[in-house]
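Student: I have a new structure in front of me, and I would like to learn how to read it. Could you walk me through it, one feature at a time?

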Amino acid sequence: MSDRSKKIFLALSIIVPFMLYCVFYYSNMIKNAPFRFTDFESLELTYGFPDSMLNYYNSKTHQYNYLTKEGQLVKDTLTLKKDELLYLHRKAQEFGFWNVDNDMITPEEGRKQGQRVARYKLTFTYKEKSKTVTMDADYPGNPKMVEAARTTVDEVLRMLASAKAK
């Protein structure tokens, strides 16, 4: 066997199977991506104090309930445009929302007596999957995970406020 034929044999036996494996592996990864915007159905946010989570938004039904500073519950309809929902989907992806724990609730023994803390429940619903995170504002867990969930919730609240102002 000549030196050239050895190199060709080596390339065919190592490089070609590796390339085929990469194409197979990554095509399945892309096809089975966990949360794609093309599969997006709705966004739902509920927040308030744990005993009375009256603030609510659902992008599918466009129902928006919120408490005023005077304590009155206002029921309204609010529509987020597709561009705004795409922005929120991308922000959730950017912040790492898909990797945070579903339950980020502070245990009662970790809280001061009589302390009331805001609770947020954010749900992204897709055709086959959904991601729901319930988070207390004072959750003492992993700071990176808390920050990812908090910034995603803040971004949704900011988007709702800007849509309401229009």
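Tutor: Gladly. Let us start with a small motif: a hairpin joins β1 to β2 through 2 residues. Please keep in mind that this is a predicted model.

Student: In which sense do β1 and β2 pair, and over how many bridges?

Tutor: Strand β1 covers residues 40-49 and strand β2 covers residues 52-58; their pairing is antiparallel, over 5 bridges. To follow the register, look for residues that face each other across the strands: E44 is opposite N58 in β2.

Student: What comes on the other side, with β2 and β3?

Tutor: Another antiparallel pairing: β2 and β3 (residues 63-67) are linked over 3 bridges. Here Y56 stands opposite N65 in β3. The hairpin of β2 and β3 has 4 residues between the strands.

Student: Which residue in that hairpin takes a positive phi?

Tutor: H62, with a phi near 65°. That is a positive value in a residue other than glycine. H62 is found in the loop between β2 and β3.

Student: Is H62 buried, partly exposed or exposed?

Tutor: Its relative accessible area is 27%, and the range from 20% to 50% counts as partly exposed, so H62 is partly exposed.

Student: How many strands form the sheet, and in what order?

Tutor: There are 7 strands in an open sheet, ordered β4-β3-β2-β1-β6-β7-β5, with mixed pairing. The edges are β4 (73-77) and β5 (103-104); each has a single partner strand, so one side of each has no neighbour in the sheet. For β4, the pairing with β3 is antiparallel over 5 bridges, and Y64 stands opposite D76 in β4.

Student: Which helix packs on the sheet, and which strands does it touch?

Tutor: Helix α2 (residues 82-95) does, and it touches β1 and β6 (119-126). To describe how the helix lies, compare directions: that of α2 makes about 110° with that of β6.

Student: Let us look inside the sheet. Where is S42, and what does it touch?

Tutor: S42 is in strand β1. With a relative accessible area of 8%, S42 is buried. Not counting residues up to four places away in sequence, S42 touches N58, S59, K60, T123, F124 and T125. One of these shows how the fold brings parts of the chain together: S42 and T123 are 81 residues apart along the chain, yet their C-alpha atoms are separated by 8.1 Å.

Student: And T134, is that buried or exposed?

Tutor: T134, in strand β7 (residues 130-136), is buried, at a relative accessible area of 17%. Leaving aside neighbours within four places in sequence, its contacts include N102, D103, R119 and Y120.

Student: How do I read helix α3?

Tutor: Begin with its span. Helix α3 (residues 143-165) has 23 residues and reaches 32 Å from its first C-alpha to its last, close to the expected 33 Å. Then check its start: N142 caps the N-terminal end, with a side-chain oxygen 3.1 Å from the backbone nitrogen of K144. Finally, see what is covered: the buried residues of α3 include V146, V153, E155 and L160.

Student: Where is confidence lowest, and where is it highest?

Tutor: Helix α1 (residues 3-31) is lowest, at a mean of 79, while β6 is highest, at 92. Over the chain, the mean pLDDT is 85, and 93% of residues reach 70 or more. As a general habit, do not read predicted coordinates in detail where pLDDT is low.

Key:
Residues numbered from 1 in each chain as written. Predicted model: local features only at pLDDT ≥ 70, side-chain atom pairs only at ≥ 80, totals over all residues. Heavy atoms only, no water. Pairing = 2+ DSSP bridges. Contact = heavy atoms within 4.5 Å. Axes fitted to C-alpha atoms, helices over the stretch in contact; angles between N-to-C directions. Expected span 1.5 Å × (residues − 1). Buried < 20%, exposed > 50% of the residue type's maximum accessible area, 1.4 Å probe, protein only. Polar contact = N/O pair within 3.5 Å; in protein donor to acceptor, adjacent residues only side chain to side chain. pLDDT = per-residue confidence, 0-100.
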